[in-house]
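This report describes one protein chain, beginning with a feature of its surface and then turning to its helices and its charged contacts.

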Amino acid sequence: MYNTIEIMDAGLSCLVEKLGIVGAEQFISVIKRENFDYTAWQRSYFDEMDDGEFMTAAAEYAENHPHRGKGQRI
């Protein structure tokens with residue numbers, strides 16, 4: 001399990017890698033300003049997909065974004 005500092009560091013690193021420093025700052029600003037609830041958003045987003053659509057999207061994502069982290073894929 002990660003501690004808070006490790007989670008924050010990993011998350012910010014991902015944001016900067018994908019969005020650049022300015023985009024990462026914009027993302028954080030939007031999240032804070034909008035009082036964003038990721039869990040609620042994720043639930044509404046994925047609940048709209050049928051099982052086949054979800055499985056296809058997950059398989060495509062896994063193929064296009066291979067795991068390159070320090071952990072093991074199980």
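## Nonpolar surface patch

L12, V16, L19, I21, V22, F27 and I28 together form a nonpolar surface patch of about 580 Å². The model is predicted, and totals for chains use all residues.

Two members of the patch can be placed individually. L12 is found in helix 1, which covers residues 4–34, and V16 lies in helix 1 as well. L12 has a relative accessibility of 40% and therefore counts as partly exposed. V16, at 30% relative accessibility, is also classed as partly exposed.

## Bend in helix 1

Helix 1 bends by about 115° at L19, a residue that also contributes to the nonpolar patch. The end-to-end distance reflects a path that is not straight: the helix has 31 residues, yet its end C-alpha atoms are only 22 Å apart, whereas a straight helix would reach 45 Å at 1.5 Å a residue.

A pair of residues on either side of L19 gives a further distance. L12 and A24 are 12 residues apart in sequence, and their C-alpha atoms are 7.4 Å apart in space. A24 is one of the buried residues of helix 1, the others being L15 and G23. L12, by contrast, is partly exposed.

## Ends of helix 1

At the start of helix 1, the side chain of N3 places an oxygen within 3.0 Å of the backbone nitrogen of I5. At the other end, the helix is followed by N35, which has a positive phi, near 50°.

## Salt bridge in helix 2

How many salt bridges does the structure hold? There is one, and it joins the side chains of D47 and R43, with an N to O distance of 3.2 Å. D47 and R43 are four residues apart in helix 2 (residues 38–47), so about one helical turn separates them. Both D47 and R43 are exposed.

## Overall composition

The protein has three helices and zero strands. Read from the N terminus, its elements run α-α-α.

Of its 74 residues, 5% count as buried; L15, G23 and A24 are the buried residues of helix 1. The accessible surface of the protein comes to about 7100 Å², and carbon and sulfur atoms account for 57% of that area.

Methods:
Residues numbered from 1 in each chain as written. Predicted model: local features only at pLDDT ≥ 70, side-chain atom pairs only at ≥ 80, totals over all residues. Heavy atoms only, no water. Helix = DSSP H or I, 4+ residues; strand = E, 2+ residues; numbered from the N terminus. Buried < 20%, exposed > 50% of the residue type's maximum accessible area, 1.4 Å probe, protein only. Expected span 1.5 Å × (residues − 1). Bend = angle between axes of the 7 residues up to and from the residue. Polar contact = N/O pair within 3.5 Å; in protein donor to acceptor, adjacent residues only side chain to side chain. Patch = residues over 30% accessible without salt bridge, like charges linked within 9 Å, V, L, I, M, F, W, Y side chains within 5 Å. Areas by Shrake-Rupley, 256 points an atom, 1.4 Å probe, with all protein chains shown as cover. Salt bridge = Lys/Arg side-chain N within 4 Å of Asp/Glu carboxyl O.
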